[in-house]
Amino acid sequence: MNHAMPPYPSGSVRLENTEDGTVLHLNGDIDNAAVDTYEDALAEPSNASADLLIAVEAADVTFLNSAGVAFLVRDLAAARAAGHKPELRRPSRVARRVLQITGVISLFRVVP
């Protein structure tokens with residue numbers, strides 16, 4: 001039986017720059033591996049984004065652990081400092097539940 005890890009994390013985080021600002025897309029398991037992969041990619045100067053985070057698309061989140069929640073709180077800091085409350089778009093049941101339990105959902109305007 002092969003127990004090798006896949007060559008990529010089961011979850012992903014990516015940015016989409018729009019005319020209005022940046023949308024953060026979360027897919028699959030948003031855990032330590034997904035957050036680390038995303039933050040490593042952002043460390044490269046060509047991948048940095050200075051646009052304001054306006055929304056988090058969370059329809060495809062299948063798992064969200066404390067690393068994922070902490071990541072969202074950090075990523076929302078600039079928007080909160082600028083007086084904005086980003087949208088949480090179509091959160092999956094899992095994402096909504098974890099964000100409700102942790103109280104982090106209050107940092108968003110939830111858009112079903």
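Here is a chat about the fold of this predicted model and a few of its residues.

Visitor: What order do the elements run in from the N terminus on?

Guide: Let's start with the inventory: the protein chain has 3 helices and 5 strands. From the N terminus on, they come in the order β-β-α-β-α-β-α-β.

Visitor: Which strands stand at the edges of the sheet?

Guide: The 5 strands make an open sheet with mixed pairing, ordered β1-β2-β3-β4-β5. A strand at the edge has a single partner, so one side of it is left without a neighbour in the sheet. That describes β1 and β5 (109-111).

Visitor: By how many degrees are neighbouring strands of this sheet turned against each other on average?

Guide: We're still with the open sheet of 5 strands. Ignoring direction, the average turn between neighbours is 20 degrees.

Visitor: How many bridges join β1 to β2, and do they run parallel or antiparallel?

Guide: One pair to look at is Arg14, which stands opposite His25 in β2. The hairpin of β1 and β2 has 4 residues between the strands, and Gly21 takes a positive phi near 150 degrees there. Strand β1 (residues 12-17) and β2 are joined by 6 bridges, and they run antiparallel.

Visitor: And at the other end, in which sense do β4 and β5 pair?

Guide: Take Glu87, which lies in strand β4. Its bridge partner in β5 is Arg109. Across 3 bridges, the sense of the β4 and β5 pairing is parallel.

Visitor: What separation do the C-alpha atoms of Glu87 and Arg109 have?

Guide: Along the chain these two are 22 residues apart. In space they are bridge partners, and Arg109 is also among the residues Glu87 touches. The C-alpha separation is 4.6 Å.

Visitor: Is Glu87 buried or exposed?

Guide: The cut-off for buried is under 20% relative accessible area. Glu87 touches Ile54, Ala55, Val56, Phe108, Arg109 and Val111, leaving out residues up to four places away in sequence. Its relative accessibility is 18%, so Glu87 counts as buried.

Visitor: Which side chain does the side chain of Glu87 make a polar contact with?

Guide: The pair sits at 2.7 Å, and it is a side chain to side chain contact. The partner of Glu87 here is Arg89.

Visitor: Which element gives the largest share of the largest nonpolar core?

Guide: This core has 21 residues, and those with the most contacts inside it are Leu24, Leu26, Val56, Phe71 and Leu99. Two or more residues come from each of β2 (22-30), α1 (32-42), β3 (53-64), α2 and α3. The largest share is 5 residues, and it comes from β3.

Visitor: Which residues is Leu99 in contact with, leaving aside its neighbours within four places in sequence?

Guide: Leu99 is one of the core residues with the most contacts inside the core. Its partners are Leu64, Val69, Leu72, Leu88, Val104, Ile105 and Phe108.

Visitor: At about what angle does α3 run to β3?

Guide: Helix α3 (93-102) lies across β3, β4 and β5. Relative to β3, α3 runs at about 105 degrees.

Visitor: Which value is phi of Arg90 near?

Guide: Arg90 is in the loop between β4 and α3, and at 42% relative accessibility it counts as partly exposed. Most residues other than glycine have a negative phi. Arg90 has a positive one instead, near 45 degrees.

Visitor: Ser92 or Ser66: which is buried, and which counts as exposed?

Guide: Ser92 sits in the loop between β4 (87-89) and α3, touching Ala58, Ala59 and Val61 when residues up to four places away are not counted. Ser66 is in helix α2 (residues 66-81). With a relative accessible area of 11%, Ser92 is buried; at 60% relative accessibility, the exposed one is Ser66.

Visitor: What share of the residues of the protein chain count as buried?

Guide: For the surface side of things, the accessible area comes to about 6700 Å², with 53% belonging to carbon and sulfur atoms. Of the 112 residues, the buried share is 35%.

Key. Residues are numbered from 1 along each chain as its sequence is written. This is a predicted model: local features need pLDDT of at least 70, side-chain atom pairs count only at pLDDT 80 or more; totals for chains, interfaces and linings use all residues. Side-chain values use heavy atoms; hydrogens and water are left out. Buried means under 20% relative accessible area, exposed over 50%, partly exposed in between (1.4 Å probe, protein chains only). Contact means heavy atoms within 4.5 Å. A nonpolar core is a set of buried Ala, Val, Leu, Ile, Met, Phe, Trp, Tyr and Cys residues joined through side-chain atoms within 4.5 Å. Two strands pair if DSSP finds at least two bridges between them. Axes are lines fitted to C-alpha atoms, for helices over the stretch in contact, and angles run from 0 to 180 degrees between N-to-C directions. A polar contact is a pair of N or O atoms within 3.5 Å; within protein, one must be able to donate a hydrogen and the other to accept it, and residues adjacent in sequence count only if both atoms are side-chain atoms. Accessible areas come from the Shrake-Rupley method with a 1.4 Å probe; for residues, only the protein chains shown count as cover.
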